[in-house]
Amino acid sequence: LNTLIHTGIVISLVEGTKTHPTLANTIAFAIANIFSYWANGRWNFKSQPTARQYSRFLLVSILGLACTILVSSIVETAGWHYLIGLCMVFIVLPTLTFTLHLRWTYKK
């Protein structure tokens, strides 16, 4: 669901308002991240939010954001269509961040 939120926002911003793809991914990341923290804590990890947990979630999220921006920038520099970068991000990033959250963020 988080991936769909992110994708919908990116495509809407790029196609609808001609927002630069890197900026669109950054905005989409921020919005989807808020949803992700809430949804992961509630549904996947059955965890009550704490300051320590949120700081870990945020650190993993920032790592994910850095990867997203890096991939988007590389794709843009290569002259490829922005959706190629978006697909590349969504192939790797959800698995990486879920694994880090499972083994570190929500570890009890």
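Two helices count as roughly antiparallel when the angle between their axes is over 145 degrees. With that cut-off in mind, the tour of this predicted model may begin.

**First stop: helices 2 and 3.** Select residues 21–44, which form helix 2, and residues 51–78, which form helix 3. Their axes come within 10 Å and cross at roughly 155 degrees; helix 2 and helix 3 are therefore roughly antiparallel to each other. The crossing is right-handed.

**Second stop: the contact between them.** On the helix 2 side, display Thr22, Asn25, Thr26, Phe29, Asn33, Ser36, Tyr37 and Asn40. On the helix 3 side, the residues they meet include Tyr54, Phe57, Ile62, Leu65, Ile69 and Glu76. Colour the residues of this contact by class: seven are nonpolar, twelve are polar and one is charged.

**Third stop: the largest pocket.** Turn next to the largest pocket, which holds about 500 Å³ of space. A total of 24 residues line this pocket, and those closest to its centre are Asn2, Ser36, Asn40, Pro94 and Thr97. Ser36 and Asn40 were already displayed as helix 2 residues that meet helix 3.

**Fourth stop: the lining by helix.** Now select helix 1 (2–17) and helix 4 (82–105) together with helices 2 and 3; each of the four supplies at least two residues of the lining. Which helix gives the most to the lining of the largest pocket? Helix 2 does, with nine residues. Colouring the lining by class shows twelve nonpolar and twelve polar residues, with no charged residues.

Key. Residues numbered from 1 in each chain as written. Predicted model: local features only at pLDDT ≥ 70, side-chain atom pairs only at ≥ 80, totals over all residues. Heavy atoms only, no water. Axes fitted to C-alpha atoms, helices over the stretch in contact; angles between N-to-C directions. Parallel < 35°, antiparallel > 145°, perpendicular 65-115°, else oblique. Left-handed = near helix turned anticlockwise from the far one by under 90°. Contact = heavy atoms within 4.5 Å. Nonpolar A, V, L, I, M, F, W, Y, C, P; charged D, E, K, R; others polar. 1 Å grid on protein atoms, 1.4 Å probe; cavity = no way out; pocket = protein on both sides within 12 Å on 5 of 7 lines; lining within 4 Å. Points joined across faces, edges and corners; volume = space filled by probe spheres on them.
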